[in-house]
Amino acid sequence: MDRNQIHTQLLALLTGVAPDIDPDSVDPVRNLRDQFDFDSMDALHFAVAVSETFGIEIAETDAAALANLQSAEHFVEQRLLSKEHT
Amino acid sequence: MSTAPAVPLEREHALALMRQMLRIRVFEDRCYQLYGQMKIRGFLHLYNGEEAVAVGALTPLRDSDAIVATYREHGHAIVRGIPMTRVMAELYGKQSGCSRGRGGSMHLFDAERRFFGGNAIVAGGLPIAVGLALAAKLQARADVTVCFFGDGAVAEGEFHESLNLASLWTLPVLFICENNLYAMGTALQRAQAETDVTAKAGAYRIEARAVDGMDVLAVESAVRDAVAKMRRDGAPALLEMRTYRFRAHSMFDPQLYRDKAEIEAWQKKGPIVTLSTRLRASGLMSEDDYQRLERDALTEVDAAVQFAESAPWEAVSDLERYVYAERTA
Amino acid sequence: MDVEFLLPSLGADMEGATLTHWLKQPGDRVRRGEPLATVETTKGLIDIESYDDGQVLQLLVQPGTQVPVGHPLARLDVEAGSHTAAAPAPPVAPPVTGPQTLAASERVTPTPTEARATHTRMSPAARRRAHELGLPLSALEQAGGGGIIHVAEVEKLAAHAPAGSSDARVAMRATIGATMARSKREIPHYYLAHDVDFSPAREWVTRYNAAHTVKERLLEGVLIVKAVALAATRIEGFSGTFHEGRFHPAGAVHLGTAIALRGGGLVAPALLDAHQKDVPTLMREFSALVERVRAGHLRSGEFTAATLTLTSLGADGVDVLYPIINPPQVAIVGAGAIREHPWVEDRQLTVRAVLTLTLAADHRVTDGRSGARFLRTVADLLADPQSL
Amino acid sequence: MPNVPPEPQARIAYRDAVREALREALEADPRVFLMGEDVGRYGGSYAVSKGLLEEFGPERIRDTPLSESAFVGAGIGAALGGMRPIVEIMTVNFSLLALDQIVNNAATLSHMSGGQLNVPLVIRLATGAGRQLAAQHSHSLEGWYAHIPGLRIAVPATLEDARFMLGAALACPDPVLLFEHLYLYNLEGTLLPGVRQVDLDHAAIRRPGRDVTLITYGWSLYKCLDAAETLARESIEAEVIDLRTLRPLDEATFIESVRRTRRAVVIDEGWRSGSLSAEIISRIIEQAFYDLDAPPARVCTAEVPVPYAKHLEDAALPSAERIVTVVRAVLAGGGSD
């Protein structure tokens, strides 16, 4: 799965958690919690969605990696690559 | 029409009949006054002039016999034994009245004394009397049911239905028609094609006789004979008591339908006058006897009025009591 | 004995009569029952009779005069003993006259008022439900859109359906405003705050999450939910409702959990029987609740069943909050941000994860002392997370 | 051949159930006797009492002349005298000739005598329209009689009630009028096994529902059940309440139901004005006003003497179709027709 596919997939997951989000207007680097008024449950729902969609485990300490869209894309990409090699 | 028998009259019994007639007469006169003073309200039908019928008809009966009367039933109630105090209290509408103030003048009841009430619907009581007799027959009790009604009732379907039913089923009912010549304002001859009530009974194969309703001895003997026969063969009978009421049909009645001369003529041969003349002539009753009986009656009425005056009213909270049975049958 | 002879009442509906002629003159003797005079009534001429034996002394009314019932007609000298003095008649009730003639104005049939402003048709049930939920009619009328408002519409509105149209949001703001205003007006609030060492709970959650997948991950807030629910079963007067002038204790703890709505607004649907459920179950239910709120599928029963509410602004980094009770409940617990904070223990200065709990409660039901015991119970429970 | 009550499973008609009730009562209590026009030799105008004359004899199965006032009055008198009479008035239409006895004597004697007398009398009356008997033979006057303090009015609509209400009525110290709808005599079915007696005090929810409460009695019960089936197909769940007793009215049952469903429709075969439906709706307004989502409605017989022609009679009488139409209108929140 290449970077673009991950990007669109993550956007889809974001609107799943918060239906009112406009996918085109997402600022990739701005913190999701501030940008979309996520509370801790929304953040957890997003983490669960990412974990299930991409089949990767997300520990509590990895939460920071999902703070904004760009770092989330990078995190997912790395995990997928490491999964292919093991 | 049958009159008094020649059989010798015994003093004590004669005075008892006179005492009862005076009790009724004094009671009714007091009711007239109390109504004028607004102590008694509603309808009031007084029995002056017909005393001999109630006294003569009820005296021969047993306690277990049943009685069904009409709205003109103060006399019947008193003679049957309902205390004057409880009757007066009922006319006042008090709780101590014999119907707890709910029945009033036209609805005096006493279950113990099998006095199944006044009934304000003309002829309304006849079918009930038939039913009471039916019950007695089905339970093989030797009781008779005496049913009083006026000449007006003869026009009601219930009269014909009841006589037919009683005769058809051979039921021990003594129909006593108190024919006082007037159904309220309608004279008998203006209401009936056939004015001889006994003839009507014949149509239903019921033995019937006319009796001088002003002669208490004649009434008593006719009823005594009829009841004795009835206890033997259980067949119904009818006695037409030819009598007359001295007062209006009810309080508010200018009596346009009859003239004063007629009233006075009948008053000369009233029930009390008839008996007292006979008793004085045969030496069975002295003037002192008469005065004593009248004084006793007045004392009894005074006491009844005092009782009614001080008796309590039924609590309004009990208004709906007795609409349905409180005790299981 | 000198006695007055009064006009007798001869019928229930007889008001009076006209004396037509006397049958006796002064000096004449009269016997009881003998007619004294004739009167003209609505029904015709009637003789009225003396009640006693006696002698006529004086005639008080001339023929042709109309007199009311009870009016004296003559004076008689009555022989003692024969007179039957009955107690005086009760005061004559004023005769009931026919229907009073209507004042002219009343007879005019009311002119149909001009067509009433088309007010919104609202069923009685909806009206009562709106009152219960503190919804102002103005909000409902706007949201009603002209159709008939039934209970369903009221509950839908009160459930703050997702902020679709702007007027729905305005209506919701009006609703919250009205509810909070009523609460402030009717409920005598008292407030308590208490700092809690949340470190043991935090360590417990971290260990739990490390051993479980992200799907089974717990949020620290769920421990607070369980601790508050358990405390409410141990200390009287915090779980229940107040209406018709008195407190109705709830047999269970249905904990309303405040969930902020995206785009503004707040709702506090209840976690039913929170006191009986273990922490993982509470987490799953709370998670599902948030999802349904986001999608606007709240069931009306859910959001009116709360017997106590927990509200938390920890996520927004606020240390302490002083919430307002959500009527008809009688208490609300506030949870601030859990933050690293200096903490003194055994005269040693250390750093702990500190949570400030606040309680707003109804002084009609409880007072400060039991409020304090309630907060301390929550703190003790959080100090031993294993027991939750 | 001794008469063994039919096996509960056997299919019986409403009239058979009433006959069985009569037989059981006559066997159980020597004070019980049946009186009415053509109840003996003729076997009953609706064949309800067929066979009873042969089994119990003319003393206890008494044909009467056409003297309603007399024999109903006689029934009252016999009850006063210690019997337990069952008087059959061929139809409610002829009860008008005995209205005086029923209202001025049966209903009134207990109260008027200060509680000394009560009238343990049962009067059975066929009632209602639907057989093209025209106006004088199609009256539905249950509402009249339910107006009279002192009477108890019961309406057996189901087979179980037809079979067991008579027993409850005979056990009652007060006069009980049982209204058996003409149309139901032919109703057939099986008695519920295990039901051995019924009370006279409570209504019954014959079909639970959620969206509207249909309140009715007698033959109209079956029209309501038909209507409920049609409505169910439109996912409208109607609760159907069979009043069973019209005096006393078991208001607790229908008020509770209306509080739940928030909508009420009363189906009453009487004429609307001053009818039983008017009384029921008054009580709903008095006690459940704030629970209503729509004004209560009713379906009654058109205010005409019941016409002879079938299409007219059908148009005049309440029907399942009309009930469905009115329920839809109520659910739309408006008033009824």
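**Figure 1. Helices α1(B) and α11(B) pack at an angle of about 45°, with axes 9 Å apart.** That angle makes α1(B) oblique to α11(B). The crossing of these two helices is right-handed. From α1(B), the contact uses B:L15, B:M18, B:R19, B:L22, B:R23, B:V26, B:F27 and B:R30. From α11(B), the partners are B:D289, B:L293, B:E294, B:A297, B:L298, B:E300, B:V301 and B:V305. Sorted by type, the residues of this contact are 10 nonpolar and 6 charged, with no polar ones. If you wonder about the spacing of such residues, here is a handy rule: an α-helix has 3.6 residues a turn, so residues three or four places apart point the same way. Please keep in mind that this is a predicted model, here and in every view that follows.

**Figure 2. Helix α4 (residues 84-92) of chain B sits among its neighbours.** Is this helix largely enclosed or left open by the rest of the structure? It is largely enclosed, because 9 of its 9 residues are buried. To find them in the view, look for B:M84, B:T85, B:R86, B:V87, B:M88, B:A89, B:E90, B:L91 and B:Y92. The cover over these buried residues includes α1 (11-36), α3 (74-80) and α11 (287-310) of chain B. Just after α4(B) comes B:G93, which takes a positive phi of about 80°.

**Figure 3. Helix α2 (residues 51-58) of chain B is mostly covered.** Of its 8 residues, 8 are buried. Follow the helix along and you will meet the buried residues B:E51, B:A52, B:V53, B:A54, B:V55, B:G56, B:A57 and B:L58.

**Figure 4. Two residues of chain B, B:M38 and B:Y322, have a positive phi without being glycine.** For B:M38, phi is about 65°. Where is B:M38 found? Look in the loop between α1 and α2 of chain B. B:M38 has 18 other C-beta atoms within 10 Å, so it counts as partly exposed. For B:Y322, phi is near 75°. This residue is found in the segment after α11 of chain B. Because B:Y322 has 22 C-beta neighbours inside 10 Å, and 20 or more are needed, it counts as buried.

**Figure 5. Helices α1 (residues 3-17) and α4 (residues 69-85) of chain A cross at roughly 125°.** Their axes come within 10 Å. The two helices are therefore oblique to each other. Helix α1(A) passes α4(A) in a right-handed crossing. On the α1(A) side, look for A:R3, A:I6, A:H7 and A:L10. On the α4(A) side, the contact residues are A:L69, A:A72, A:E73, A:V76 and A:E77. The mix in this contact is 5 nonpolar, 1 polar and 3 charged residues.

**Figure 6. Chain D meets chain B, with 33 residues of chain D in contact with 36 residues of chain B.** Which elements of chain D give two or more residues to this side? They are α3 (68-80), α5 (99-106) and α6 (109-112) of chain D. The largest share, 10 residues, comes from α3(D). On the chain D side there are 13 nonpolar, 18 polar and 2 charged residues.

**Figure 7. Chain C touches chain D through 7 residues of chain C and 8 residues of chain D.** Helix α2 (residues 124-132) of chain C gives the most to its side of the contact, with 3 residues. The chain C side divides into 4 nonpolar, 2 polar and 1 charged.

**Figure 8. Chain C has 10 helices and 19 strands.** Buried residues make up 34% of its 388 residues. Chain C averages a pLDDT of 81, and 81% of the residues score at least 70. Where in chain C is confidence lowest, and where is it highest? The lowest mean, 36, belongs to helix α1 (residues 104-107), while the highest, 94, belongs to strand β17 (residues 331-335). Take special care with residues 87-118 of chain C, where pLDDT stays under 50. Where pLDDT is low, the predicted coordinates should not be read in detail.

**Figure 9. Cis peptide bonds join C:P327 to C:P328 and D:R247 to D:P248.** In the chain C example, omega is about 5°. Here C:P328 lies in the loop between β16 (308-312) and β17 of chain C. In the chain D example, omega is near 0°. You can find D:P248 in the loop between β12 (245-247) and α10 (251-261) of chain D.

How values were computed
Residues are numbered from 1 along each chain as its sequence is written. Chains are lettered from A and ligands numbered from 1 in the order in which they are written. This is a predicted model: local features need pLDDT of at least 70, side-chain atom pairs count only at pLDDT 80 or more; totals for chains, interfaces and linings use all residues. Two residues are in contact if their C-beta atoms, placed from the backbone, lie within 7 Å. Helices (H or I, at least four residues) and strands (E, at least two) are DSSP runs, numbered from the N terminus. Ala, Val, Leu, Ile, Met, Phe, Trp, Tyr, Cys and Pro count as nonpolar, Asp, Glu, Lys and Arg as charged, and the others, Gly among them, as polar. pLDDT is the predictor's confidence in each residue, from 0 to 100. Axes are lines fitted to C-alpha atoms, for helices over the stretch in contact, and angles run from 0 to 180 degrees between N-to-C directions. Angles under 35 degrees count as roughly parallel, over 145 as roughly antiparallel, 65 to 115 as roughly perpendicular and the rest as oblique. A crossing is left-handed if the near helix is turned anticlockwise from the far one by less than a right angle, and right-handed if clockwise. A residue is buried if 20 or more other C-beta atoms lie within 10 Å of its own, exposed if 12 or fewer, and partly exposed in between; C-beta atoms are placed from the backbone.
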